[in-house]
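Reader: I should like to learn how a helix and the confidence values of a model are read. May we work through an example together?

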Amino acid sequence: ISTHSVSGVSSSSKYFQTSRRVYKGLKEFGREFIDQELFNQSLDDWILENYGVDQVTGEQPFLKPPFLTDELRKLDLALEGVLFQQLFRMPCSPFASKSVKEDGYHALEDFLHVIVNGLWRTFWRKSGPLPFSLSCFHHPGSKFYAVEKAISRGRLEELRGLALISKNGNNLKVHWNQVVELVLFRQNILSGNELKLSVSTICEALFYGVHILISRCLSKSRTISDDSVFIMVFDSKFGAVIKLGGDLSKLELNTGDPYHSVAHWIKCHAEVLLSSVETIWNRLGNANWGDLGTLQVLLAAFYSIVQCNGPPRKSISSLASAHSLRLQKRRIECRLAENENAKIPYQQDGYQHGEIVELDHSDNPLVKNTSHLKLRQGEILLLEDQQQGQKSFQIQESFIGGNYFLYGAISLDYPTQLLTLYVGAHPSRLEPSWEDMSLWYQVQRQTKVLNILKHQGVSSKYLPEVIASGRILHPGPCKKQSPSGRCDHPWCGTPILVTLPVGEPLSYIVARDGPFSSDDALRCCRDCLVALRSAATASVQHGDISPENIIRVFNMQGTRHKVLYIPVSWGRAVLEDRDSPAINLQFSSSHALQHGKLCPASDAESLVYLLFFVTGGRMDPQDSIESALQWREKSWATRSIQQHLGEVSPLLKAFSDYVDSLCGTPYPVDYDIWVKRLNRAVDGSGSADRGKMIEEVAMTLRLENVAESSGTSGGGT
């Protein structure tokens with residue numbers, strides 16, 4: 001047909017528009033390819049040879065499954081909490097009667113509607129009309145009918161299955177090129193007593209699959225990708241998924257036998273993938289949601305919708321990553337349910353009723369050979385806050401990366417909310433260790449910065465909030481002479497900072513899930529700019545924008561945006577001229593690397609480098625400030641950063657151009673205009689007020705006054 005692959009929409013559509021001869025030849029070929037029995041005869045031997053495990057050699061089948069186990073497992077986690085409810089039960093009678101078949105089609109239609117509606121509302125849009133419909137068909141090229149209409153016309157016995165149709169505006173006439181995926185419904189799909197598909201079932205699925213691919217190639221609108229199609233096959237108990245894909249340009253048209261041509265194309269040029277046959281409906285006719293069979297059907301429907309409507313607004317990976325938070329919440333609920341009268345969720349071995357008991361230091365593994373406080377899961381920490389008094393927190397986990405000074409914890413007063421708990425260095429250890437000095441920035445200095453923002457009325461859901469701060473109360477007697485003094489215990493006076501919310505750093509997310517999508521990158525840029533603008537109202541610059549210091553938070557309280565990107569680690573923030581920012585060879589601004597100070601656009605410049613990194617841009621490791629500056633100069637001069645971001649989003653390219661014009665100048669960033677534009681791109685809002693508003697968050701753990709743990713801002717040379 002063409003020397004170009006038809007897997008891409010643009011190349012194949014251009015070809016068919018310029019070649020009427022090929023278009024006519026393919027159309028005529030589709031008309032001649034109508035006899036399923038002849039097609040079966042051309043292909044059944046090949047299927048027998050390649051499908052199923054060889055009983056003699058034990059070799060695995062040549063026809064592989066369409067999905068990896070990890071894909072199905074990740075989808076299972078992503079759909080936690082999504083309600084799939086089939087109301088029409090699948091009849092399980094072994095006798096084929098008219099009423100049983102009617103009920104079967106009603107149940108199948110309801111099953112598919114629940115799947116498509118659930119996927120669309122979860123991954124694409126929560127509201128608005130569903131852009132799909134379900135119709136039944138008789139044979140390739142036949143008209144489509146609603147199930148009720150086909151039954152009323154007495155054509156039930158002719159029906160072969162259902163098709164998921166992409167709606168075409170107000171045009172009620174449905175064509176085969178609008179088929180998103182096809183579902184065949186047979187009395188029996190199994191091969192004898194074996195739990196595998198019969199040859200006739202596979203042949204019928206491939207027969208319809210070829211017709212759909214040809215119809216898509218002949219379509220002028222080309223709204224659905226034409227390189228592959230999913231066909232699902234069901235009976236009243238079992239189901240399986242078949243995927244057919246390939247380059248139709250290698251299909252021979254000028255032959256007298258279209259069935260031989262298609263069979264040759266399938267054997268030599270196409271890709272046929274077959275899933276395992278799994279139970280879909282139980283003995284009561286209810287779908288086994290969450291089981292392997294339904295997960296295969298769900299994933300096939302998901303990829304079919306992606307072919308038709310493009311990538312979802314929320315990826316499977318992003319929703320699956322929230323599983324850890326849901327799991328943590330469930331653990332807390334279960335522990336509380338075990339003993340409703342207990343003061344803490346659970347007690348550890350050796351502790352009575354969850355109380356903090358005096359420990360013999362010689363037997364305490366946390367004290368041996370270290371002056372750092374390293375906590376374990378389940379440890380209870382008592383915090384002395386100068387304003388709020390004593391507060392108890394229980395350690396839940398050490399955060400990603402093995403950071404033994406950053407923990408997830410819960411307040412024993414409000415045990416359902418996971419918090420971030422920073423453990424600082426003992427004041428006597430600040431000079432001999434750079435590590436301890438870094439902890440000073442993380443705890444004491446960050447406490448000061450966040451308190452400044454709080455006291456100046458800056459409160460935003462895109463900024464972390466202090467829940468508590470103070471000093472740890474160590475086990476055993478304390479011999480300090482004054483409330484602000486310290487005794488000789490190695491923990492006495494160790495500062496603690498507790499903040500909200502909790503999330504995963506972008507560095508971990510990119511390493512696990514790969515580069516961000518365009519939607520995720522735009523949202524990340526918007527959220528960070530809102531946070532930086534809020535801080536700028538108090539004359540505060542972050543000074544350390546990097547993937548480790550931006551977290552992704554899943555808001556589980558039902559707000560409009562479930563995913564938030566929040567800058568954390570404000571300890572290196574610049575409050576006045578004598579403050580020095582952090583130096584990061586990959587993400588610091590050029591002005592910070594050259595002069596050790598920030599210019600007004602430094603945070604925005606670091607944000608551009610961060611966006612370049614999370615969207616898959618190549619950032620070679622730097623070993624000196626000189627090499628880091630050379631990389632920046634070359635990247636901006638050759639516009640490689642703008643070109644890469646332009647492939648992700650034209651708006652991000654425009655933003656990087658804008659930041660390039662401000663780098664090193666005394667001119668401030670116009671946050672308002674960029675937040676307004678990004679709001680419009682992220683959620684379709686044209687209102688600047690939504691982006692300009694500093695949003696307040698209702699905190700159950702909000703404190704009226706948070707004691708500062710630091711007296712001076714950070715200085716540096």
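Reader: At the start of helix 3, which backbone nitrogen does a side-chain oxygen of Asp35 reach?

Author: This is a predicted model. In it, a side-chain oxygen of Asp35 comes to within 3.0 Å of the backbone nitrogen of Glu37.

Reader: What span does helix 3 reach from its first C-alpha to its last?

Author: Helix 3 covers residues 36-50 and reaches 20 Å, close to the 21 Å expected for its 15 residues. At Leu43, helix 3 bends by about 45 degrees.

Reader: Which residues of helix 3 are buried, and what do they pack against?

Author: The general idea comes from the helical repeat: an α-helix has 3.6 residues a turn, so residues three or four places apart point the same way. In helix 3 the buried residues are Gln36, Phe39, Asn40, Leu43, Trp46, Ile47 and Asn50. They pack against helix 7 (199-218), helix 8 (258-268) and strand 8 (270-274).

Reader: Which elements have the lowest and the highest mean pLDDT?

Author: Where pLDDT is low, the predicted coordinates should not be read in detail. Helix 1 (residues 9-18) has the lowest mean, 37, and helix 16 (residues 602-614) the highest, 97. Over residues 338-371 the pLDDT is below 50, and this stretch has 48 contacts in the model beyond near neighbours in sequence. For the protein chain, the mean pLDDT is 80, and 78% of residues reach 70 or more.

Reader: How many disulfides does the structure hold?

Author: The structure holds zero disulfides. For Cys663, the nearest cysteine sulfur is that of Cys599, 6.6 Å away.

Definitions and conventions:
Residues are numbered from 1 along each chain as its sequence is written. Side-chain values use heavy atoms; hydrogens and water are left out. Helices (H or I, at least four residues) and strands (E, at least two) are DSSP runs, numbered from the N terminus. The expected span of a helix is 1.5 Å times one less than its number of residues. The bend at a residue is the angle between axes fitted to the seven residues ending there and the seven starting there. Buried means under 20% relative accessible area, exposed over 50%, partly exposed in between (1.4 Å probe, protein chains only). Contact means heavy atoms within 4.5 Å. A polar contact is a pair of N or O atoms within 3.5 Å; within protein, one must be able to donate a hydrogen and the other to accept it, and residues adjacent in sequence count only if both atoms are side-chain atoms. pLDDT is the predictor's confidence in each residue, from 0 to 100. A disulfide is a pair of cysteine sulfur atoms within 2.5 Å.
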